[in-house]
Every structure is written in C-alpha cells, then in structure tokens.
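Biologist: I should like to go through this structure with you, point by point. Please display the sequence and the model before we begin.

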Amino acid sequence: MLTKDKDYFKEKLYESIKGKNVIIASHISPDDDSIGSCISAYFHLKDICNPRIMITGKKNDRWKEFEGFDYVEFVEDIANFKEDADVYLVLDGNSWSRFSYLAKPKKVFCIDHHFAQETDLDLHLYLDYPCCVQIIYELFYEEKSVIPKHICEIMLVGILGDTGNFSYVKKGSSEVLLVAQKLIEQGDIQVQELQSKYSKMGKNVFEELKKIIDNAKIVQLEGWPTFIYTYTESLESDAQEAASAFLFYLRTIEGVDWGFIAKQDEDGTKFSLRTLPSAVNVRLIAENFNGGGHDNAAGMKIPRLKAGEAVDKLIDFLKSASPEKFLRK
Ligand SMILES: [Mn+2]
C-alpha cells in the first residue's frame, strides 16, 4: 500500500518492528543518499528493534570514513536472509526489484522519494522530496534536541549527493536547505572538509578519466537536443569510478544539455542518464529499457550486450523513437 501520511507510516512501522529482527536495505549500487538514509535510520531504530543494514551487490568503500559504515553488509542478495528477518525496511527505491533479484519477502516497508503511483511493497511511504534522507530526518530526527555529529555528517552527505550539492533545489523543494542548515549547525560541519572524506578521486581513477574523456562523443540526432555520451568496457573499479566521474560533464558543456554514460558489468551494461530540466525526460527513456529514476537523473541496464553494443542499441532507439514524447516543455 502506498501512503503519504508520515504519522500513519511511523505508527505502523513501529508496531511491526518493536523487538524484532529488521533488515534495513539500500538499493543495489548504493549512492550517498541511500547510504545516508540506511545509516541514519539504523542509529535511530537500534533502540527499538534489532536492525542490520544490508545491500545486494559488491562492496563500495566510498563511505569507509563514516561511522556506521562498518555495519553495512554487502551480500549476494538481501532476500537470502528472509528466514532471519521479521521485517525488511527498504530505503531510497520504489520497487522490490531495486533491492533484490529474488522474490519479495512477506513484510517489506519502504521509505522513498522516487515517483510512485502504485507499489509492490507492503507499506510504502512516498514523499516528493529531493532526497530520501530528508524523509528519514523528518520521521526520526526532527524532534530530537541533540543529533550526534556522525549522524549529522552522513545525513548531510545524502543531501549533498541527491541535490547535486544543492544544484537541483527548486521551488517546492527548498525546505531541504533548512534541514541542511540544522545538520551543519548541530554537527559543527564544514562542508568542504566533510566532502574531502569521501569525494576525492584516486590518481589511477584520474588516469582512467583521461581515457574516458577521450572516448566521449557529442551527438546531434534529428529532433533531439544535442547530447554527449561515453562508455567503458572495463570491469576494473578505477575505470568504473572514472566513468561515474564523467557524469559531471553531461550537463556542463555549452550547447549540450543531456547525455549518458555506459558501464559494462558481468552480464550487460548499466547506463546513467542526466539532463538539464529544459532538455529531455531521461526517466521516460530509461523506462523503455525497464529502468527508472527521476525526470532529470535516471538509470537503466541493457542485459547481455557489451557497452559499445549497448550504446548503439540506445542510440538506435533514439533514432526510431519520436522525440516529442521525451522533450520537456
Ligand atoms: Mn535518493
């Protein structure tokens, strides 16, 4: 069931998890917002239940400097633990398939900020906020008189991540600035110092980034705004991280308002798509390939194909689709 009622959700959640074993999960391929949400939810809920934090997929050490990251267990699939868990609480994703490749367990609560009209989850709190951390803050931390510094830090990491360091804030979502203000004051945080704990690029990654920039192409297709893309067929983490760093260039080049990166993995190619709000709706493009996300930032996967072939497939799709369906007004 889908709800927008925070109080109702909280009441039902607490009823179900009190004294129980709970798995708190982030989506596959976690990001700053999902990690910030899991860790901050964990520190609040551990006084009510027995929580564990779990994520399906390979470990990513990006957040290793933060307290609480040691508790995050990267596992083959979170659904394999359904015998041990009474309840799952999934964060920052709007359907079970964002969290697991296997069947959904019995009782799954969800807290999320991605658009949802229906849900396959048992109780799903959806609020149209710029980040999931903001919902966690309002549910679990707003009323506290003191929030420990380490929790302020990881929540702010989530906010900075999903708002693109506040670049995506707009009318209707500026409340997030007040939450950030409270966290910065409470946690005595200097933002640049905080960012240097997790967002520096390794030298090897920089070497890979040079190649990825060299590989990038700016494309003009009839009816579509000019876009840029690049890809890597390397499974090495340096190359994968470098490809992610290229996301910055998708919306920063004059006359190029959107684009994508493609990263090969074991059984296909994953895409991240980004656009300025005036160009295209990348969520709709991703949905054509069973992906999803936000209108300005979305992800998808093309199974089985190598990155180069998968990129050709996406470009073929763009050539054959009618652009009007995807253009923003
Ligand atoms: Mn998010």
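Biologist: What distance separates the centres of domain 1 and domain 2, taken over C-alpha atoms?

Modeller: This is a predicted model. The domain assignment gives domain 1 as residues 2-196 and domain 2 as residues 207-325. Taken over C-alpha atoms, the centres of domain 1 and domain 2 are separated by 27 Å.

Biologist: Which helix gives the most residues to the largest nonpolar core?

Modeller: The largest nonpolar core has 58 residues, and those with the most contacts inside it are I24 and A25. The helix that gives the most to this core, with eight residues, is α4.

Biologist: Which residues does A25 contact, leaving aside its neighbours within four places in sequence?

Modeller: A25 is one of the residues with the most contacts inside the largest nonpolar core. In general, nonpolar side chains tend to be buried together in soluble globular proteins. With neighbours within four places in sequence left aside, the contacts of A25 are M54, I55, I78, Y88, V90, L91 and F99.

Biologist: How many residues does the second, separate core have?

Modeller: Among the members of this second core are I228, L273, A307 and L314. The core is separate, and its number of residues is 30.

Biologist: Why do the buried residues of α5 line one face of the helix?

Modeller: Helix α5 covers residues 175-187 and reaches 19 Å from its first C-alpha to its last, close to the 18 Å expected. Its buried residues are V176, V179, A180 and L183. Residues three or four places apart in an α-helix point the same way, because there are 3.6 residues a turn. Seen down the axis of α5, the buried residues line one face because they fall within an arc of 100°.

Biologist: Which exposed residues are carried by the face of α5 turned away from its buried side?

Modeller: On the buried side, the residues of α5 pack against α3 and α4. The face turned away from that side carries the exposed residues L178, Q181 and E185.

Biologist: How many of the 10 residues of α3 are buried?

Modeller: The buried residues of α3 are C132, V133, Q134, I135, I136, Y137 and Y141. They pack against α2, β5, β6, β7, α4 and α5. Helix α3 is therefore largely enclosed by the rest of the structure, its buried residues numbering seven of the 10.

Biologist: How far apart in space are E142 and V179, C-alpha to C-alpha?

Modeller: E142 lies in the loop between α3 and α4, whereas V179 is one of the buried residues of α5. E142 is partly exposed, with 13 other C-beta atoms within 10 Å. Although E142 and V179 are 37 residues apart in sequence, their C-alpha separation in space is 8.8 Å.

Biologist: Is D188 buried or exposed?

Modeller: D188 is found in the loop between α5 and α6, and its phi is near 50°, a positive value in a residue other than glycine. A residue counts as exposed if 12 or fewer other C-beta atoms lie within 10 Å of its own. D188 has 9 such neighbours, so it counts as exposed.

Biologist: What is the bridge partner of R274 in β13?

Modeller: An open sheet of six strands with mixed pairing has the order β8-β9-β10-β11-β13-β12, and its edge strands are β8 and β12. Strands β11 and β13 run antiparallel and are joined by seven bridges. In β13, the residue that partners R274 is A297.

Methods. Residues are numbered from 1 along each chain as its sequence is written. This is a predicted model: local features need pLDDT of at least 70, side-chain atom pairs count only at pLDDT 80 or more; totals for chains, interfaces and linings use all residues. Helices (H or I, at least four residues) and strands (E, at least two) are DSSP runs, numbered from the N terminus. The expected span of a helix is 1.5 Å times one less than its number of residues. A residue is buried if 20 or more other C-beta atoms lie within 10 Å of its own, exposed if 12 or fewer, and partly exposed in between; C-beta atoms are placed from the backbone. The arc is that of the directions from the helix axis to the C-beta atoms. Two residues are in contact if their C-beta atoms, placed from the backbone, lie within 7 Å. Domain bounds come from an automatic or database domain assignment. A nonpolar core is a set of buried Ala, Val, Leu, Ile, Met, Phe, Trp, Tyr and Cys residues joined through C-beta atoms within 7 Å. Two strands pair if DSSP finds at least two bridges between them.
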